[in-house]
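I opened my notebook for a fresh look at this chain. Here is what I looked up, entry by entry.

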Amino acid sequence: MSVDSLSNISRYTRQIPLIGQAGQAKLAAAHICIAGVGGLGSPIALYLAAAGVGTLSIIDCDTVSISNLNRQILHATSDIGRMKIESGAEKLHALNPDIAIRTYHNIITHEFLSEIAYDADIVIDAVDNYQSRHILNEFCVRRHIPFLHGAIQGFIGQMMFIVPEQTACLHCFLPSYEIVREPPVIGTTAGIIGIMQANEAIKYITHAESVAVGDLVLWDGTTLTLEKCTVERNAECSVCGSGCIAPESV
């Protein structure tokens with residue numbers, strides 16, 4: 001996709017003054033991998049597609065169910081029973097037919113990520129379980145790929161932009177976790193955290209503004225408060241610390 005065409009300039013006319021033609025070209029050349037197209041993945045994918053990210057890889061092994069629809073705005077009632085990647089790709093192509101959508105109906109494993117995300121500019125965590133998040137984190141650390149973590153529960157959510165060798169990784173501050181089956185969540189929480197993740201991804205790709213690299217951002221929707229704290233890298237972390245296995249080259 002080229003930003004030189006009149007149709008593309010018209011589509012992005014309200015954002016080009018902020019990021020410039022060069023920034024728009026960087027978005028067009030970017031490949032962003034979104035793990036999960038549910039509550040978080042829906043706003044992430046929609047806003048990245050709208051912004052003109054040239055290639056989106058979307059991963060999800062689930063189908064649309066009625067209980068998804070309070071927060072998973074990429075899907076509709078008529079999509080119940082369909083694969084989420086199929087329903088999602090359809091909506092994203094309708095929103096922006098100029099971009100490429102790669103779809104993968106797969107679970108998250110190191111081997112699978114090595115096949116499809118090795119050339120990603122950013123990998124975005126939009127999954128619903130910490131086992132998959134830790135696989136994504138370790139893959140990104142070993143491949144030197146920026147990793148945008150996000151998680152939600154109830155009215156609260158969190159986000160962190162992890163850059164290997166520069167910041168703490170997910171394992172540094174969350175080496176263990178409790179498995180919570182189908183936690184309650186209000187749909188707007190997914191929207192707020194997902195939009196934050198998309199916003200940071202756009203800023204990182206275009207170099208438009210300072211990115212909150214290494215900061216854990218905490219949102220509380222009950223009190224309308226947003227907190228930000230820097231997470232220190234753990235030198236003894238088994239994933240990114242000095243004693244871990246040397247990261248793989250891309």
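My entries go through the sheet, a helix packed on it, a helix pair and the salt bridges.

**Entry 1: the sheet.** I kept in mind from the start that this is a predicted model. My opening question was in what order the strands form the sheet. I found eight strands in an open sheet with mixed pairing, and the order reads E3-E2-E1-E4-E5-E6-E7-E8. Next I asked which strands stand at the edges. They are E3 (100-104) and E8 (225-230); each has a single partner strand, so one side of each is left without a neighbour in the sheet. I also noted the turn between neighbouring strands, which is 15° on average with direction ignored.

**Entry 2: one strand pair.** I zoomed in on E7, which covers residues 215-220. E7 and E8 run antiparallel and are joined by six bridges. I picked out tryptophan 219, whose bridge partner in E8 is leucine 226.

**Entry 3: the helix on the sheet.** I then looked at what H8 (residues 187-206) touches, and saw that this helix packs on the sheet. Its strand contacts are E1 (31-35), E4 (122-125), E5 (147-153), E6 (156-162), E7 and E8. The direction of H8 makes about 170° with that of E5.

**Entry 4: a residue in that helix.** I chose threonine 189, which sits in H8. Is threonine 189 buried or exposed? Its relative accessible area is 1%, so I filed threonine 189 as buried. Leaving out residues up to four places away in sequence, I listed what threonine 189 touches: Ile152, Gly154, Phe155, Ile156, Gly157 and Trp219. Trp219 was a familiar entry for me, with leucine 226 as its bridge partner.

**Entry 5: two helices.** I looked up how H3 (residues 41-51) packs with H8, and got an angle of about 35° with the axes 8 Å apart. The crossing of H3 and H8 is right-handed. From H3, the residues that take part are Pro43, Ile44, Tyr47, Leu48 and Ala51. They meet Ala190, Gly191, Gly194, Ile195, Gln197, Ala198, Ala201 and Ile202 of H8. Sorted by class, I have ten nonpolar and three polar residues in this contact, and no charged ones.

**Entry 6: salt bridges.** How many salt bridges are there? The count comes to ten. I started with arginine 11 and aspartate 98, whose side chains meet at 3.9 Å, N to O. This pair links distant parts of the chain, 87 residues apart. Arginine 11 lies in H1 (residues 6-11), while aspartate 98 is in the loop between H4 (84-95) and E3. Arginine 11 has 37% relative accessibility and aspartate 98 has 34%, so I marked arginine 11 and aspartate 98 as partly exposed.

**Entry 7: a pair within a helix.** Glutamate 138 and arginine 142 form a salt bridge at 3.1 Å, N to O. Both lie in H6 (residues 130-143), four residues apart, which is about one turn of the helix. Glutamate 138 is partly exposed at 24%, whereas arginine 142 is buried at 15% relative accessibility.

**Entry 8: a network.** I finished with Asp79, Arg82, Glu86, Glu90 and Lys91, which are joined into one network by salt bridges that share partners. For glutamate 90 and arginine 82, the closest N and O atoms are 3.2 Å apart. I noted glutamate 90 as partly exposed, at 43% relative accessibility.

Definitions and conventions. Residues numbered from 1 in each chain as written. Predicted model: local features only at pLDDT ≥ 70, side-chain atom pairs only at ≥ 80, totals over all residues. Heavy atoms only, no water. Pairing = 2+ DSSP bridges. Axes fitted to C-alpha atoms, helices over the stretch in contact; angles between N-to-C directions. Contact = heavy atoms within 4.5 Å. Salt bridge = Lys/Arg side-chain N within 4 Å of Asp/Glu carboxyl O. Buried < 20%, exposed > 50% of the residue type's maximum accessible area, 1.4 Å probe, protein only. Left-handed = near helix turned anticlockwise from the far one by under 90°. Nonpolar A, V, L, I, M, F, W, Y, C, P; charged D, E, K, R; others polar.
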